[in-house]
Amino acid sequence: MSVFKYSSNASSWWLGNDFDSEFQNENNDVDLTKLASTQRAIANFVNIVTGQQIPVEFQSRGNSYTDGSSVVIGTKLDGKNFDPTVGLALHEGSHIAHTNFGLLSNFSANVAMHGVNPNFDMTQRTEKIIKDLLNWIEDRRIDYLIYKTAPGYRMYYESMYKKYFCDKVIDKALKEKRKCKETLDDYFFHIINFTNPNRDLTQLELLQEIWDIIDLKNIHRLQSTTDALEVACTVYKRLAKHLEKNEESADNNESTLENNTSADGGESEGNGESEGSGESGESIEAEGSGDDNDKNNSLSPRQQKMLDNAINKQRQFLNGEQKKSGRLTKAQSHTVKAIKEAGTEIVSVDLGGEKIDTIVIKKLTKNIINHMPEIFSSRSSNTHVMKGIRLGKMLGKKLQIRNEEKTLKSTRLQSGKIDRRLISQLGYDNSNVFHKIVTDRYKDYFIHISIDASGSMWGEKLTESITSAVAIAQAASMTSGIRVQISFRGTADLGTSGSWQIRSKCVTVIAYDSAKDKMTKIKNLFGHIMTFGMTPEGVAFKSIEKQIIQDTKGAECIFINYSDGYPTHMGNHGGQDPIRFTRNVIKQFRESGMGIISYFISNGGNDLSKFKDMYGNDAQDIDPENMFQVSRTMNSKFLEKSK
């Protein structure tokens with residue numbers, strides 16, 4: 001692990017090559033849904049690599065650090081910073097999994113065990129030096145462990161190291177021997193850049209010895225934070241003794257210089273380092289010419305600031321103080337948080353030659369309602385919701401028979417399982433000693449109800465559809481063996497920071513899942529659901545196909561569709577018209593074992609031909625006022641017994 005090799009963007013295979021365009025639309029607004037999705041992916045990476053459920057939080061501004069139980073990343077996500085941010089999250093998360101933070105709680109005693117500060121009078125300066133050395137050595141130990149055990153994430157680590165430890169200004173400082181004084185500051189500069197390919201162990205007297213003590217090539221020998229502390233203390237003791245000796249020698253030389261000062265009062269020109277900060281990334285251009293020692297004295301104030309800034313960035317990394325400036329406002333940060341809490345995903349739908357991104361909100365929450373005014377109403381009107389609950393309770397009473405199982409045992413049969421009570425009769429030429437037990441039970445069902453929430457469904461069509469779906473959910477909640485999901489579909493421009501995009505995206509909201517939610521969620525949140533956008537149909541169905549198949553889990557799957565129109569143009573549908581594409585999706589649903597029940601909600605007189613072309617000849621035309629009949633029909637089906 002002494003040297004890292006650097007590669008191109010590690011995330012290009014799942015985010016594309018142009019990161020900035022992924023997170024920004026045509027109007028340069030930040031796509032917050034994409035940002036939330038990638039942030040959640042980073043958090044998943046941390047959990048996978050560490051094998052622990054470690055919380056990962058993202059701040060619009062502030063530092064990146066770990067407090068021992070969670071990871072906080074304060075950075076923006078774009079092409080330049082994305083891979084290093086993933087690496088940083090993995091780095092901080094790995095410390096939670098493998099670093100003993102308790103060792104720092106009684107640091108003086110632990111240091112004393114390794115021969116430092118036996119009198120327990122350690123100064124703050126000494127403690128800071130040893131902690132800095134420990135941080136760097138522990139980083140190498142942890143990063144090597146993850147680097148070797150999780151090779152699929154190596155490029156993220158490489159990008160992180162390239163950002164923090166292979167800045168161009170650092171490279172040039174190492175090549176041109178800028179930091180070559182026998183001082184603690186210069187020693188620490190070289191130590192923390194041991195991983196840089198441009199390191200030169202001859203630049204300081206003790207560098208080779210320190211390199212041998214740390215022994216990066218065999219860093220895996222360190223099995224714990226305690227082992228890392230022992231190495232840090234060994235380095236400190238050797239370094240402190242060396243620098244103390246040099247200081248004594250310098251004092252003697254200074255006395256000699258004072259005696260030899262010229263009569264005109266001239267002094268030897270100093271070589272102090274100027275303070276300040278500046279932007280790194282530029283290379284240091286040497287001013288003038290001369291040998292290496294001359295170069296040490298030839299930095300302009302601007303160049304010195306560049307180097308100081310790069311060194312400061314490295315020290316901040318070691319201390320968990322990576323300062324980043326975010327590009328999200330406080331309101332945008334809250335929106336991203338709401339999007340992540342709702343499990344929002346960007347799902348790419350293949351149209352057969354063209355892929356388009358769709359948005360799937362997997363969990364309806366109050367927070368997502370508050371931050372998505374495009375698809376949810378701030379006011380709640382739940383008269384139609386309570387109506388569905390009342391109707392569902394009436395139906396649910398009939399379904400309670402599903403909770404009963406009837407068992408019939410038939411005995412004295414010629415085949416089946418042996419009835420132990422009849423074994424004694426085998427000696428009396430009675431061979432009918434078998435029995436069978438038949439349990440009469442009902443089918444298990446997985447019901448997914450998809451409701452068209454496009455603008456044309458406004459008013460009675462939507463409210464009656466919700467009433468019907470809620471009645472089914474309420475009835476199913478009063479018995480066993482029936483799982484109900486309710487989703488809404490439409491189109492909207494979600495998650496941007498300002499202007500509308502040129503083309504809206506298909507949005508599917510999984511608003512209720514009886515396997516995870518209680519009916520109180522429907523009571524409290526369904527009143528906020530309103531119509532939004534156009535009719536995506538097949539594209540929306542395709543975006544949740546895998547989720548439905550996964551959730552079915554062996555039960556009989558029924559897909560119920562409420563709609564009042566035909567699909568809107570979403571992309572080119574691979575050269576197909578939207579109706580044909582939807583028909584093919586429904587065909588795939590049937591082939592996977594789903595039963596399809598589709599209702600064309602109208603006020604009568606509408607042409608059903610196109611609707612049946614998509615959903616089959618059994619698709620039904622239904623008036624909004626008769627939506628309760630759907631619930632009754634489903635109730636009858638729930639009482640079918642398994643064969």
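Cys180 sits in between on the accessibility scale: in this predicted model its relative accessible area is 23%, so Cys180 counts as partly exposed. Cys233 is another story, with 0% relative accessibility, and is therefore buried. As for cross-links between cysteines, the tally is quickly given: 0 disulfides turn up.

Charged pairs give much more to talk about, with a count of 21 salt bridges. Helix H6, spanning residues 124-149, holds both Arg141 and Glu138. These two side chains form a salt bridge, and their closest N and O atoms are 2.9 Å apart. Along the helix, Arg141 and Glu138 are 3 residues apart, or about one turn. Neither is left out in the open, since both Arg141 and Glu138 are buried.

Helix H6 has another such pair to offer, Asp143 and Arg140, again 3 residues apart and separated by about one helical turn. Their side chains meet in a salt bridge at 3.5 Å, N to O. Are these partners buried or exposed? Asp143 has a relative accessible area of 0%, so it is buried. Arg140 comes in at 1%, which means that Arg140 is buried as well.

Then there is a salt bridge between Glu464 and Lys387, whose closest N and O atoms are 3.6 Å apart. This one ties together distant parts of the chain: Glu464 belongs to helix H17 (residues 460-477) and Lys387 to helix H16 (residues 383-399), with their positions 77 residues apart in the numbering. The two ends of the pair fall into separate accessibility classes. Glu464 has a relative accessible area of 16%; with the cut-off for buried set at under 20%, Glu464 is therefore buried. Lys387, at 33% relative accessibility, is partly exposed. Salt bridges can also be chained together through shared partners, and that is how Lys172, Glu176 and Arg178 end up in one network.

Turning from charges to strands, S5 (residues 345-350) and S6 (residues 355-361) run antiparallel and are joined by 6 bridges. Within this pairing, Ser348 of the one strand faces Asp357, which stands opposite in S6. What links the two strands of the hairpin? There are 4 residues between S5 and S6, and in this hairpin Gly352 adopts a positive phi near 85°.

Note on methods:
Residues are numbered from 1 along each chain as its sequence is written. This is a predicted model: local features need pLDDT of at least 70, side-chain atom pairs count only at pLDDT 80 or more; totals for chains, interfaces and linings use all residues. Side-chain values use heavy atoms; hydrogens and water are left out. Two strands pair if DSSP finds at least two bridges between them. A disulfide is a pair of cysteine sulfur atoms within 2.5 Å. Buried means under 20% relative accessible area, exposed over 50%, partly exposed in between (1.4 Å probe, protein chains only). A salt bridge is a side-chain nitrogen of Lys or Arg within 4 Å of a carboxyl oxygen of Asp or Glu.
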